[in-house]
Amino acid sequence: MGAFALSLERRSMKEYLVTAQEMKRYDANTIGEFGMPGLVLMERAALCTVEELQRACGSIPCRVLVAAGCGNNGGDGLAVGRLLLLAGYEVTFVMPGEGGRCTEETGRQITVLERYGAHIFSTMQDGEYDIVVDALFGVGLSRDVAGIWQEAVAWINRSSAFVCSVDIPSGIDADTGRVLGCAVEADLTVTYGFRKVGQLLYPGAACCGTLVCRQMGIDERSFLHREPCWYTYGREEKGLLPVRPADGNKGTFGKALLIAGSEKIGGAAMMAAKSTFRAGAGMVKVVTARENRTALQQFVPEAMLLTYPREGEAEAGFLAELEEAEKWADCILIGPGIGTGERAHELLRFALLKSTLPLVIDADGINLLAGDRKLQSAMADREGPERTIILTPHPGEFAGIFGGTVREAKEGLLRHPGELADRLHCVVVCKDARTVVVQPGGGHRYLNTTGNCGMATAGSGDVLAGMITGLLAQGMAGMEAAVTGVYLHGCAGDLAAALKTETAMTATDLLDCIAEAVRLQGRAAAGNTEVTIC
């Protein structure tokens, strides 16, 4: 490859996201391996929650109802209520159902409350409250909420009070974000140690309200060399982009070959080409229909063009030029707007079978691949040095190539992309409200938290495909390019929404904001700012 050797200043810091099982293990490690008493962790969690409640609602004592379950989440809630009681708040405590089935720690919290003279009711108490503390169920919930618990959740959701959920809104699956029958709709959720995967996936993310993560004694040392599977990056990440040598030239920064656009769809090629440049590629050549020449030259005058002949015209000259372009390039993108006709199919076969360059397959390229079992087998059975191939499907395209329905693709967002990555030996970028990036063989998996619903607009995927391609052209590894592209794409989307609103923004606005997203990321990389976890 002619691209420059990648040089990175690795100042970026992953934010680990945990599942319920992982959090339970880290909690046990903290207690068992480090000797931290569970009641101390519970007290610290309660202190953190009270601080966040007072930050949100003010510190003037008011009327509070604490709805607690029998598990340790309920113990956290009872401790929150006790601290508020001691601070002068008027606190009502409710534990629906039988209190005798409580965990040891929660039983201890009940004893402490009783010694302070507090009464714990067994049914929800009607009245006027300023704050409701939801501590019915924690991250260990795995069954649908029903019976008296369903009634308690409904009571909380009917309340006009400010609702604060302890660790996670009751009724949300901590791993998937799924609503288990019903769920509390919180204004504030204070979670501990690490954010949970289900708090970032919808509909769980919407039920959390404002999500605040506080450190209360369980940190990365509690992993004991068993790190969480999932991670994300924050909105002010640094050190992700390759450092550009001061004496580089346009060839130094990579040459990208884009096979995009068709005679009726030219915009996709223009979006992808512009975003490839915006991501830092030095040179871009676009293979497209002749009808797109003028528009491409006007929209992306920096790009070189190779147009294929109309139907019935000689193909030999074009194929020879295509082969020369492949030899010239450092990576290939195929798919945006190419259609699903025979010419597009031939171009996909060329990119997959005749080249060994890093390859991004997007949009129509994925649809064509989904219908061609031979090409899928060629990907699955290939031998020798592992070639970088990145697929960038949205849920509909993913369902087509993986099998199943769009609903199944969305529900399996955390599982199925990894299975497809292993099957086809490729990096998979599954685009949704939360985009996931996975690579074959397991390892860490990325869940993106930048971006917004305004990015659900035509052309947004073409911009992302171009950005990933531009990073590949500069020599980034497949997983790294995909993660960085997705992250910066979301950052550009947030900037565009701030300027244009989520309703009015378009993919062209995304293009205009890539430069600012890159500038801000680069500015962060140049600093020495430390990440503080409160």
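**Exercise 1. List the residues that V437 touches, leaving out residues up to four places away in sequence.**

Solution. V437 touches V427, V428, V429, R445, Y446, M479, A482, V483 and V486, once residues up to four places away in sequence are set aside, where contact means heavy atoms within 4.5 Å. The model is a predicted one, in which local features need pLDDT of at least 70 and side-chain atom pairs count only at pLDDT 80 or more, while totals for chains, interfaces and linings use all residues. Residues are numbered from 1 along each chain as its sequence is written, and side-chain values use heavy atoms, with hydrogens and water left out.

**Exercise 2. Place V437 within the largest nonpolar core, and say which helix gives this core its largest share.**

Solution. A nonpolar core is a set of buried Ala, Val, Leu, Ile, Met, Phe, Trp, Tyr and Cys residues joined through side-chain atoms within 4.5 Å, and buried means under 20% relative accessible area, with exposed over 50% and partly exposed in between (1.4 Å probe, protein chains only). The largest such core has 97 residues, of which V64 and V437 touch the most other members. Helix 18 (residues 478-500) supplies the largest share of this core, 11 residues; helices (H or I, at least four residues) and strands (E, at least two) are DSSP runs, numbered from the N terminus. Another core, of 51 residues, lies apart from it and has V197, I338, L369 and L420 among its members.

**Exercise 3. Describe the surroundings of T450, beginning with its place in the chain.**

Solution. T450 sits in the loop between strand 18 (445-447) and helix 17 (460-473), and it counts as buried because its relative accessibility is 5%. Its side chain makes a polar contact with the side chain of N448 (3.0 Å), a polar contact being a pair of N or O atoms within 3.5 Å, of which, within protein, one must be able to donate a hydrogen and the other to accept it, and residues adjacent in sequence count only if both atoms are side-chain atoms. The side chain of T450 also reaches the backbone oxygen of Y487 at 3.1 Å.

**Exercise 4. Determine how many disulfides the structure holds, and examine C57 and C207.**

Solution. A disulfide is a pair of cysteine sulfur atoms within 2.5 Å, and the structure holds zero of them. C57 is in no disulfide, the nearest cysteine sulfur being that of C62, 6.7 Å away. For C207, the closest cysteine sulfur is in C208, and the distance of 7.2 Å is too far for a bond. C57 is partly exposed at 34% relative accessibility, whereas C207 is buried with a relative accessible area of 10%.
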